[in-house]
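Reader: I've got the coordinates open and would like to go through the charged pairs. Can you take me through the reasoning behind the labels?

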Amino acid sequence: MKNVIKNSKKGILMVTMFAASLSFAKETSFFTIKNDVKKTALTLKNVKAGNLLSIIDDNGVILYKEIIQKTGIYSKGFDLTAFTDGAYLFELNKDLEIITIPFSVKSNTVIFNKEKGKTIFKPYFKVKEDVLYISKLTLNETPLTVAIYYVNSGESELKYSETVENTMDYKKAFKLTGLEEGSYKVIVTSEDRTYVKNI
């Protein structure tokens, strides 16, 4: 597969969009938490219908999930004191980012650690004419792996793979002309998460 590396206007627009997203995500007013003896009230601002809110334990097991129904402000009370002692997190899965809010439970007491909350940016995929664009913002410069597979009759054949380190802003364009006709699967792995795009 031939690589075409371009700094296009679309790439610059995506970076601007990610930067705006980042500054928004860093605002402490995005969410508020009120801890009561029995209930924790979680309020999230600027959510969209279709966003997914989950509570996940330290082993990655999803204990609760809810698809947000209304755009705007989400507010709900949770009885987290019933959880066994351990580490947990709220995870809000949005269109281009995942926001985590960690907390722990010890002896029926819930403690939030807002400083350890983070925003993980998802990769952005776009196919226009015969070019596949991939963009991914990684603020902590963790390694990022991109793999492109040709899929035929259930079999996958690796066509391209690369691992990139020490970069905050991955942008690449792949020319699709001259490839075998059929389906392709793009897999991006970063920050212990895997994202798949079928084209």
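**Salt bridges and burial**

Author: Sure. This is a predicted model, and in it the side chains of Glu 157 and Lys 159 form a salt bridge, at 3.4 Å from N to O.

Reader: What makes Glu 157 and Lys 159 a salt bridge?

Author: The N to O distance is 3.4 Å, and the cut-off is within 4 Å, so the pair qualifies.

Reader: Why is Glu 157 called partly exposed?

Author: Its relative accessible area is 41%. Partly exposed is what lies between the buried limit, under 20%, and the exposed limit, over 50%, so Glu 157 fits. Lys 159, with 29%, is partly exposed as well.

Reader: What ties strand E14 to strand E15?

Author: Glu 162 and Lys 172 do, with a salt bridge of 2.9 Å, N to O. Glu 162 sits in strand E14 (residues 155-164) and Lys 172 in strand E15 (residues 169-175), so the pair links parts ten residues apart in sequence. Both of these residues are buried.

Reader: How do you know that Arg 193 and Glu 91 pair up?

Author: Their side chains come to 2.7 Å, N to O; the limit is 4 Å, so that's a salt bridge. Arg 193 is in strand E17 and Glu 91 in strand E7, so the pair ties together parts 102 residues apart in sequence.

Reader: Why is Glu 91 called buried?

Author: Its relative accessible area is 9%, and buried means under 20%, so the label holds. Arg 193, at 22%, counts as partly exposed.

Terms used. Residues numbered from 1 in each chain as written. Predicted model: local features only at pLDDT ≥ 70, side-chain atom pairs only at ≥ 80, totals over all residues. Heavy atoms only, no water. Helix = DSSP H or I, 4+ residues; strand = E, 2+ residues; numbered from the N terminus. Buried < 20%, exposed > 50% of the residue type's maximum accessible area, 1.4 Å probe, protein only.
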